[in-house]
Amino acid sequence: MLEIDIRKRLRDYELDVKLDVARGEILMLVGDNGCGKTTLLNLTAGLQNPDAGKISLEGRVLYDSALKMNVPPEARNIGYVFQSYALFPHMSVYDNVAFGLCTRNLSKSEIKLRVKDHLEAAGLWEIRKAKASDVSGGQKQRIALARALIIGPKLLLLDEPLSALDVRRQAHMRKELRETIRACSVPCIIVTHDLRDVACIGDRACLLDKGKVALIGGSDEVMIWGAGKESPASPGYSGEAKAI
Amino acid sequence: MASNQADIKRYGERCLAELANLEHKTIGISSRTREASLKVGLALLLILAMAFIALPVVALFLKSPLDTTLRSLHDPVVIDALRLSLMTSTITTITVVIMGTPIAYVSARFHYFGKELADSLIDLPVIMPPAVAGIALLVAFGRMGIVGHYLDGLGISIAFTTLAVIIAQVFVSSPFYIRQARTSFEDVDLAYENAARTLGASRVYTFFHILLPMAMNGLISGAIMAFARSLGEFGATIMFAGNFQGRTQTMPLAIYTAMQGDLDVSICLAIILVAFSFVVIFLVKTLTRRRVYKSAGN
C-alpha cells in the first residue's frame, strides 16, 4: 500500500495531500491545470522534496521529515511514465527499455532475456532497433510503459499517459493500459484530464483543487462532478461522494 | 431621360471601380517594389559581410609566394612554433573540457548563493583584453606574484615557461567552452534526467549516459571554439610567457617576430596556421559527426 501525507509550499498555494492507494488499485488523479497533480507525482517519486510529511510504500518509508529520511529517486523503485514519455532520443527502443536493468548491473544475457520478453509482450520487438525519436505516438507510449515496468516497480505513476495520442487510438490504449497495470498488482496513480480515462481505467478517483484533496471516491462519483454537477468545493454541494 | 440617368449612374460606377482598381494596383506595385528592394538590400549586406570576412583570408593566399611557404615548412623556427602551438592548444582544450564540463553542468542545473557572481567571473576573460589577462596572470603566478612568490619558494617557476603558455591559453579560452557547454546542458529537458533517475540511475550514471550524449554536439562545438581561441592566442602569452623559440614561441608569436624582419615569411606562417586550423576543425567535425551517428544508430 502507498501512503502519502505531505505538505509543500508552492508559488500560489500550499500542497497538502493525504491519501493512500492499495496494492493493485488504480487511483485517477484529476483537477484543473496547475492544481498540483504532476507535483504530487514528482514528490512521490522523489524528484522534488516535500517541506514536511511522510510517504511510505509497502511499509517502507520513502520520505519522513520527522526522521529526516529521504530515499533518492533511484532507490525508490517506482515506475514513472512521464507526460512527454521522456524516451531517450539518442538510444534505440531496445536500449530505452533496457536502461533500467543496465543501471542494476545485471548480466547481458539476463538483460536481453527480460527486454525481449517485455518488448514482445508490448508488440515492440520488431522495432527494437529503431531510434526512440522515430516511432509513432502509440509506440512511444508502449515503450515508456515497458521501460517503467521492466524494473519490477513497487508503484506506478503515469502522468497523462494517453494525452499525446489521437482519439481513436486512445480508446484502444485505455483497455490495454488497464490490463497491463492490472497484471502488475502494484498501487498505481494516473494523472488525467480526460474523464473517459477516469471511467475506463480507474478504480477510484481523486479530485485535487489548489493542492488539496477536494473529493475522493469511486470513479463514478468524480464522473458526476465532471458531468457538470455542482463543484464539490462549493457550499451547496451535496453529492454522495466523500468530500474532504 | 430615365435611360440617360441610368447611363450616368453606370458610368459613375465604372469610374469608381476603375479608380479602386488603380489604387489596388498602385498598392500592389509599391508593396512589391518595397519587398524587392528589401531583398536586394539584404543580399548586398550579406555579400558585403562575406567579402569583409573572406577578403583578408583570400588576400593572405594571393600574397603568399608558394615557394617561400613550402620552404618555411622546413624552417626550424616554424617547426618549433607549429609543434608548440598544436601541443599547447591540445593540452589546453583537454584541460578546459575536463575542468569546464562539471562547472558548466553545475551552472546549468543548480541554483546556489552567488551563482550570478560565479557566472560573471567565468565569462570575464571574454571581455578582458588579452594583454590585461597576461599582466593579471603575471602578477598572480609570476616570480613576484601573489601565488608565484610561494611557488618560487618551492622551486616551481611558471612564468616564461611552456606551462605559462598553457595557463594563458586556458585562461582566455575556457569561457568559450564553458558558455557553450552550459547552454547545451540547459537545452536538454530535465524530464530525461528525471526519467533516468526513476529507472535507478544515479546522478553520475545519468550524467554520463543521458546528459553527456545528448549535449555532445554542443560540447564539441565549444571545444573547437576553445581550441581555435588557444591556437590564436597572442596577447596574454607574450606578456606572461614571453617569446622564446621552442619554449613559448607559438605560431602567432612567430608570425609577429617574422613580421618585424620579413613580411613574406610572416604571411607564409599565417597561411600555415590558417591551413592547420582548418584541417583540425574539419577533422574534428567529420569524426564527431560519425560518432554521433553511430551512437544513435545502435
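# A tour of chains A and B

Between chain B and chain A there is one salt bridge. This is a predicted model, so every stop below is a computed feature of that prediction.

**Stop 1: the bridge across the interface.** Select Glu74(A) and Arg197(B). Their side chains meet in a salt bridge, 2.6 Å from N to O. Now show the elements on the chain B side. Those that give two or more residues to the side touching chain A are α8 (190–198), α9 (203–231) and α12 (263–297) of chain B. Colour α8(B) first. It gives the most to that side, with seven residues. By class, the side of chain B that touches chain A has 11 nonpolar, eight polar and two charged residues.

**Stop 2: the whole contact.** Select both sides of the interface. Chain B brings 21 residues and chain A brings 27 residues. The area buried between the two chains is about 1900 Å². Carbon and sulfur atoms give 66% of it. Which residues of chain B lose the most area to chain A? Pick Arg197(B), Thr198(B) and Leu199(B): together they account for 33% of what the chain B side buries. Arg197(B) is also the residue you met in the salt bridge with Glu74(A). Then look for polar contacts across the interface. The rule finds four residue pairs, with both residues at pLDDT 80 or more.

**Stop 3: a covered strand in chain A.** Leave the interface and select strand β9, residues 188–191 of chain A. Are its faces covered or open? Both are covered. Cys188(A) and Ile190(A) are buried on one side. Ile189(A) and Val191(A) are buried on the other.

Next, add the strands that pair with β9(A). Strand β3 of chain A, residues 26–31, pairs with β9(A) in the parallel sense over four bridges. Strand β8 of chain A, residues 155–159, also runs parallel to β9(A), joined by four bridges. Centre on Ile189(A). Leu27(A) stands opposite Ile189(A). Leu157(A) has Ile189(A) as its bridge partner too.

**Stop 4: salt bridges in chain A.** A search of the whole structure finds 22 salt bridges over all chains. Here are some to visit.

- Select Arg11(A) and Asp12(A). Their side chains meet in a salt bridge at 3.7 Å, N to O. Both residues are exposed.
- Select Lys116(A) and Glu120(A). They form a salt bridge, with the closest N and O atoms 3.9 Å apart. Both sit in helix α3 (residues 108–121) of chain A, and because they are four residues apart there, about one helical turn separates them. Glu120(A) is partly exposed, with a relative accessible area of 42%. Lys116(A) counts as partly exposed at 34%.
- Select Arg142(A) and Glu176(A). The closest N and O atoms of this salt bridge are 3.0 Å apart. Arg142(A) lies in helix α4 (residues 137–149) and Glu176(A) in helix α5 (residues 167–184), so the pair ties together parts 34 residues apart in sequence. Arg142(A) is partly exposed, at 22% relative accessible area. Glu176(A) is partly exposed as well, at 23%.

**Last stop: a network in chain B.** Which residues do salt bridges with shared partners join into one network? Select Lys115(B), Asp119(B), Asp123(B), Arg179(B) and Arg182(B) together to see it.

Terms used: Residues numbered from 1 in each chain as written. Chains lettered and ligands numbered in written order. Predicted model: local features only at pLDDT ≥ 70, side-chain atom pairs only at ≥ 80, totals over all residues. Heavy atoms only, no water. Contact = heavy atoms within 4.5 Å. Buried area = accessible area lost by both parts, 1.4 Å probe. Salt bridge = Lys/Arg side-chain N within 4 Å of Asp/Glu carboxyl O. Polar contact = N/O pair within 3.5 Å; in protein donor to acceptor, adjacent residues only side chain to side chain. Nonpolar A, V, L, I, M, F, W, Y, C, P; charged D, E, K, R; others polar. Buried < 20%, exposed > 50% of the residue type's maximum accessible area, 1.4 Å probe, protein only. Pairing = 2+ DSSP bridges.
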